[in-house]
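User: Pick one part of this model and give me a close look at it, then work outwards from there. Please spell out your cut-offs as you go, since I'll want to compare them with my own settings.

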Amino acid sequence: LAGAHWIMTEDGRSAQVDHIDPYFTSLAFTDVWTPSDKLLVNLGARVDDFRYDLNNTAQGYPARAFWFNAFNNEYCGAPAQDPVSRWNAATGAFGPCPTGYKPMTDPGVGLVNSVPGSLSQWVVQPRIAGTYTLGPDTVLRASAGKYARAASTSAQEVNVVQQDLPTQLAPFYRLGYHTPFHLNVPDESDNFDVSWEQRIKDTPLSFKISPFYRSTRNQVQYFATDPATGVGTGLNVGTQHSSGVEISLQGGNLARDGLSFQLSYTYTESKIKYSQISNGVSVLDSFNAAIEQFNSYTQACAGAATNAQRCGSGAYAGNAVPVFHNPGGVTVENPYYGDAAQPLIDRNGWYTTYDFIPSAFNNANGFAVPDVATLILSYKHRRFSVTPNVTYSAGSFYGSPLSWGGYVPQSCTQNPRLTPAAPGASCDGEYVTPSGATQSPGVIFMPDPYTGRFDSLGSLRQPWQLSVNLQANYEINARVSLTMIASNLFNACFQRGYAWDDSNFCMYSNLPSNILAPAGNFLAAPPVQLKYPYGPWSNQNEVGYTAVKQPFQLTFDLNVRL
């Protein structure tokens, strides 16, 4: 009737694809200048051209315009928020957008299928280094330079096999991206270091002290756009400062008979400040939105206080009531009404460096370790040598404000008091506001009950680790030698006193599955696997740390030279 007919818009295939071709060209100039026997200067410059040919996301996709129009017609958008549907199932029609949101059909609000054909990024990197020999026992070194790293090729654009591209773009919307093209530029750093190398006269001792400093612009920060499948992307959102000092002390000679040693220590302070993305959105805004949502349910945000920034500036109006009267005559008490409103995360603060920015129940661990030390001892007597070593690591930092969730009281279809063992059993996280708009927050993030606050980036500390190992070697004759290696004679992780500590683990983050949510207030007496907001962490991504206490291991190596 009325010309209605079926249109085939998908053929069943679906997958993310990256049809982006990188073409990198580099040119380097170097000159060594020796004005005297004591001074050597190395001058140079490097020029890089990072060019990308992007994939046309419209050509060859005849139904893609349909899907973009359909998505924009259905959804509402707001800065730093995921798109929300304005479909009202009760009326069978599109309703108004929630407070603070606009229809995605409005100019500048919706998704647009637009991608440039190519882009080229030039970076010039001057560098200088020098060595000055004060005498036979003293050498000074210094270097300064600019360094660049090419932006991730796959992060420049998002595309899929299926016609429905907007669904794949939706997770990027809160980051300020409205098209498949996500401009990423090289992150550039200014590196400086000096070194004083000294042999103490008439002794077998020598030392080296090397302070360093690095300042990075457009530091790439990674995000999990879909934690369930491990899909992530990198964005230029940081200014990172890393500084510290390396110190080493040597005594004796490992190749000669007698006792010798090497002691090294590195102190590093690595902090990042997150800049705004495109339309003023910060990567920290998703944290503050979650805190504002929680605050909006507290008594502190009742009445006129709903316009305060920490209450969401009206975006969550009507949440600060003692009791909700849900459809079907269901009365639900507000479990957050008596809680204290929490402070927001400082958008201008400096934070410890994370591999991935945390998302809901995902990626809560940093990677910066401030103190690392190693002591190597060696004793050699003719054909026999023994070399024990001790390694110390101070542990990195972790924590996320999106680690402990609670049920949405307006979404409950029965009074939580009727299911005391599982108060949130009937609360699916979706409800219709009095204005007719559908809200789907899923969960309400709450303060960590074990720390009494929303954990910030790096507010918790990983255990410190100590490991003792030993190697012994015996040269049986000129052609045959036997080596024994005893790894982890002693290996321990010293805990920080948190409720979830386990002496067998050296690293914690979100629960092991990476998307497993803890019990929150959904369960009254949860099993131990869901009792805490954090747990042992074994998925290392790019960090590479050993997360568990290592077992003792003994190996022998017989070496025969023919």
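Analyst: **Starting from one pairing**

Let's start at Thr133, whose bridge partner in β10 is Val139. Quick housekeeping: this is a predicted model, where local features need pLDDT of at least 70 and side-chain atom pairs count only at pLDDT 80 or more, while totals for chains, interfaces and linings use all residues. Residues are numbered from 1 along each chain as its sequence is written, and side-chain values use heavy atoms, with hydrogens and water left out.

Strand β9 (residues 118-135) and strand β10 (residues 138-149) pair antiparallel over 8 bridges; two strands pair if DSSP finds at least two bridges between them. Helices (H or I, at least four residues) and strands (E, at least two) are DSSP runs, numbered from the N terminus. A hairpin of 2 residues carries the chain from β9 to β10. β9 also runs antiparallel to strand β3 (residues 39-53), joined to β3 by 15 bridges. There, Leu39 has Tyr132 of β9 as its bridge partner. As background, strands of a sheet pair through backbone hydrogen bonds, either parallel or antiparallel.

There's also an open sheet of 3 strands, ordered β5-β4-β8 with antiparallel pairing. Its edge strands, β5 (84-85) and β8 (102-103), each pair on one side only. Strand β4 (residues 75-77) shares 2 bridges with β5, and Cys76 stands opposite Val84 in β5. Helix α1 (residues 64-74) lies across β4 and β5 at about 70° to β4; axes are lines fitted to C-alpha atoms, for helices over the stretch in contact, and angles run from 0 to 180 degrees between N-to-C directions.

Now for helix α3 (residues 285-296): why call it largely enclosed by the rest of the structure? Because 12 of its 12 residues are buried, meaning under 20% relative accessible area (exposed is over 50%, partly exposed in between; 1.4 Å probe, protein chains only). Among them are Phe287, Ile291 and Phe294, but also Asp285 and Glu292. The cover over α3 includes β17 (281-282), β21 (356-357) and β28 (444-445). Its length checks out too: the end C-alpha atoms are 16 Å apart, which agrees with the expected 16 Å (1.5 Å times one less than the number of residues).

Two polar residues deserve a look as well. Asn473, in strand β30 (residues 464-475), is buried at 17% relative accessible area. Its side chain makes a polar contact with the side chain of Thr483 at 2.6 Å; that term means a pair of N or O atoms within 3.5 Å, and within protein one must be able to donate a hydrogen and the other to accept it, with residues adjacent in sequence counting only if both atoms are side-chain atoms. Setting aside neighbours within four places in sequence, Asn473 is in contact (heavy atoms within 4.5 Å) with residues including Arg383, Phe384 and Leu482. Gln439, in strand β27 (residues 438-439), counts as buried at 16%. With the equivalent neighbours left out, Gln439 touches Pro98, Gly429, Glu430, Tyr431 and Thr433.

Zooming out, the chain has 3 helices and 34 strands, and 43% of its 562 residues count as buried. Its C-alpha trace spans about 95 × 55 × 50 Å along the principal axes. Of the contacts with a separation of 6 or more, 71% link residues 24 or more positions apart. About 27,900 Å² is exposed, with carbon and sulfur atoms supplying 57% (Shrake-Rupley, 1.4 Å probe; for residues, only the protein chains shown count as cover).
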